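Reader: Please show me the structure. Then I will ask about it.

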Amino acid sequence: MKIKTAEFVISNTDIKKCPEPTLPEVAFIGRSNVGKSSLINMLTQKKNLAKTSGKPGKTQLINHFIINEEWYIVDLPGYGYAKTSKLNRFKWTKFIESYLRERENLMNTFVLIDSRLEPQKIDLEFMNWLGHHGIPFSMVFTKIDKLSSSELQKNLAKYKKEMLKVWEALPPVFTTSSTSAFGREKLLKYIEEINGLYLKG
Ligand code: GDP
């Protein structure tokens, strides 16, 4: 898929204020600092579309971007920031939970995972929650330029092993680097396919 246009639409904390669900959308979510903004900018080839912020936990908003005037990228708040107060975290969870469970045009959620790390409890728990609620998701391993291909394979295998302890099958898995744009074509092709399912009704 060619990205012709990519524009910011709206930020909000209320799912009722999100754009009318008349176009398909895909969401991106992950721990703070996982590389989500960089990935959105890499996919859209727009340097500052999603703000790459040095302050994890700061952006607690649902951000909609419209792509080619045909579909939305949704940038969801990063989770797991230690300094977020318990109360805040609770609110965050409810707000994201209702978005993920209720948004009728949401075709897929991309769960971003830092490819350098050992399987993280919070990521596994979040994916288990998605699976439990039947919310379609994929795993996107970020920053793969930061490790060798054998280290990457080792880390992927560890995650797969953890997932297979709970689930019979794995979701789609993507590997990306925002610095080299590795994985861009595959991810866009996948989005094009799933958006096609929406258009077929
Ligand atoms: P976010 O908080 O998830 O939106 O993360 P950012 O996109 O702001 O990225 C966090 C940090 O990781 C920044 O310093 C980025 O430059 C860096 N980063 C993000 N993606 C990559 C990548 O693919 N490769 C490398 N080497 N660094 C990355």
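Author: Start with phenylalanine 174. Buried means under 20% relative accessible area, exposed over 50%, and partly exposed in between (1.4 Å probe, protein chains only). Phenylalanine 174 has 10% relative accessibility, so this residue counts as buried.

Reader: What kind of model is this, and how are residues numbered?

Author: Residues are numbered from 1 along each chain as its sequence is written. Side-chain values use heavy atoms, without hydrogens and water, and local features need pLDDT of at least 70, side-chain atom pairs pLDDT 80 or more, while totals for chains, interfaces and linings use all residues, as the model is predicted.

Reader: Which kind of aromatic pair do phenylalanine 174 and tyrosine 190 form?

Author: Rings of Phe, Tyr and Trp (its six-membered ring) pair if their centres lie within 6.5 Å; planes under 30 degrees apart count as stacked, over 60 as edge-to-face, the rest as tilted. Here the centres are 5.1 Å apart and the planes meet at 50°, so the pair is tilted.

Reader: Is phenylalanine 110 buried or exposed?

Author: Phenylalanine 110 has 0% relative accessibility. By the cut-off, this residue therefore counts as buried.

Reader: Which kind of pair do phenylalanine 110 and phenylalanine 174 form?

Author: Their centres lie 6.2 Å apart. The planes are at 70°, which makes the pair edge-to-face.

Reader: Which residues do ring pairs link into a cluster?

Author: Phenylalanine 174 pairs with phenylalanine 110 and with tyrosine 190. Ring pairs link these into a cluster with one further ring: Phe28, Phe110, Phe174 and Tyr190.
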